[in-house]
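The exercises below are to be worked with the sequence and the coordinates side by side. Please attempt each task before reading its solution.

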Amino acid sequence: MKIGCIGLGIMGKPMAKHFINAGHDVYVYDVNEAAINELAQLGGHPATMQMMAEQAEYIITSLPSGAIVKAVLYSGEDALMAQPTINTKYVIDTSSITPNEALEIHKMLEEVNVQYCDAPVSGGEPLAITGELAVMIGCDAQVLGTVKTVLAPVSASVIRVGDVGAGSVVKLANQIIVNTNIVALSEAVVLAKKFDIQLQDMFDAIRGGLAGSAVMEAKFPKMIAEDYAPGGTININYKDLKNVMMTADTVNLALPVANMVKEMYKAEVASDHGMNDHSGVIKYIENINQL
């Protein structure tokens, strides 16, 4: 397969490596020259957008926002749709965007006969590195088999959750669950610290019970070590939580807990902690308790 990877950040770069290792012809595009050079040394092909449109049958986007996805695909000066020759058949968008943005992009790409799928992922950088991401995809039912084949090197599961836009809804739901769990875990850890509990003992005692979760397994060790090097940053998750609330507002839906968590993340961004891992939101709980 000829696969194009646009966006080579925390998630996009390890995914591109897996596509290269699977033996595909992989074309890479990003503003980060260091990431491009690293992948070129592994066998990737640095590409212009014109080359991407001409060569890549399947394009995987992994970008920070819906606005950037739209700029790369059609609204920007050097966008995919602006190229003289477009041989791309599918755009599989792993970015976290709103359902309305996904529907708009789908409509625009239809005009040039490119199939768009919103395919956000869960698992963060660790599962991107191991190639075991969970993909929640919104697409036409008849293209699911093709998309699963394309994503096989980077995924443990690819589940169709509905038509285009549905993947983005499920990703937003996922982000509510993940980030609310992280805040609850933060409060639990702060309580334990106040009573001088050994945190590793606490982790070992509760991880096998009902409180145990994938979030706990990933984030409790980081809180114990006070290691907030990012897998998923507060900035990115704050953006996702803003998308949650914006999407909820379009259907007049009240989500008070998600909104409260968003405001905690907002405070951490305002305190210049946005590049911390989202487990670093524990610092917010510590600070309001003067710990």
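**Exercise 1. The two sides of a helix**

Which residues on the other side of α12 are exposed? Identify them, and then establish how the buried residues of α12 are arranged and what covers them.

*Solution.* A word on the source comes first: this is a predicted model, in which local features need pLDDT of at least 70 and side-chain atom pairs count only at pLDDT 80 or more, while totals for chains, interfaces and linings use all residues. Residues are numbered from 1 along each chain as its sequence is written, and side-chain values use heavy atoms, with hydrogens and water left out.

Step 1. The exposed residues on the other side of α12 are Pro256 and Ala270, where exposed means over 50% relative accessible area, buried under 20% and partly exposed in between, with a 1.4 Å probe and protein chains only. Helices are DSSP runs of H or I with at least four residues, strands are runs of E with at least two, and both are numbered from the N terminus.

Step 2. Check the length of the helix: with 1.5 Å a residue, the 15 residues of α12 (residues 256-270) should span 21 Å, and the end C-alpha atoms are indeed 21 Å apart, which agrees. The expected span here is 1.5 Å times one less than the number of residues.

Step 3. List the buried residues of α12, which are Ala258, Val261, Lys262, Met264, Tyr265 and Glu268. Viewed down the axis of α12, these buried residues fall within an arc of 160 degrees, so they line one face of the helix; the arc is that of the directions from the helix axis to the C-beta atoms. An α-helix has 3.6 residues a turn, so residues three or four places apart point the same way.

Step 4. Among the elements that cover the buried residues of α12 are α8 (166-194), α11 (234-250) and α13 (282-288). Just after α12, aspartate 272 takes a positive phi of about 65 degrees.

**Exercise 2. A second helix**

Determine which residues of helix α7 are buried, and on how wide an arc they lie.

*Solution.* In α7 (residues 144-151), the buried residues are Leu144, Val147, Val150 and Leu151. Around the axis they cover an arc of only 125 degrees, which puts them on the same side of α7.

**Exercise 3. The annotated lysine**

Describe the surroundings of the residue that UniProt lists as "active site".

*Solution.* Step 1. The residue listed in the unreviewed UniProt entry is Lys171; UniProt positions are given in the numbering used here, feature names are shortened, and annotations may be inferred rather than shown by experiment.

Step 2. Lysine 171 has its place in helix α8, and at 8% relative accessibility it counts as buried.

Step 3. Leaving aside neighbours within four places in sequence, lysine 171 is in contact (heavy atoms within 4.5 Å) with Ser96, Pro120, Val121, Ser122, Met136 and Asp240. The side chain of lysine 171 also reaches the backbone oxygen of valine 121 at 2.6 Å.

**Exercise 4. Two buried hydroxyl residues**

Work out where threonine 94 and serine 155 lie, and which backbone oxygens their side chains approach.

*Solution.* Step 1. Threonine 94 lies in the loop between β5 (90-93) and α5 (99-110), and is buried with a relative accessible area of 7%. The side chain of threonine 94 reaches the backbone oxygen of threonine 61 at 2.7 Å. Not counting residues up to four places away in sequence, threonine 94 touches Met15, Ile60, Thr61, Ser62, Ala119, Pro120 and Val121.

Step 2. Serine 155 lies in strand β9 (residues 155-162) and is buried, with a relative accessible area of 15%. A polar atom of the side chain of serine 155 lies 2.9 Å from the backbone oxygen of leucine 151. Beyond its neighbours within four places in sequence, serine 155 is in contact with Gly131, Glu132, Leu133 and Val135.

**Exercise 5. The whole chain**

How many helices and strands are there in the protein chain?

*Solution.* There are 13 helices and 9 strands. The radius of gyration of the chain is 20 Å, close to the 19 Å that the globule rule gives for 291 residues, so the chain is as compact as a globular protein of that length; the radius is taken over C-alpha atoms, and the rule is 2.2 Å times the number of residues to the power 0.38. Buried residues make up 49% of the 291 residues.

Definitions and conventions:
A polar contact is a pair of N or O atoms within 3.5 Å; within protein, one must be able to donate a hydrogen and the other to accept it, and residues adjacent in sequence count only if both atoms are side-chain atoms.
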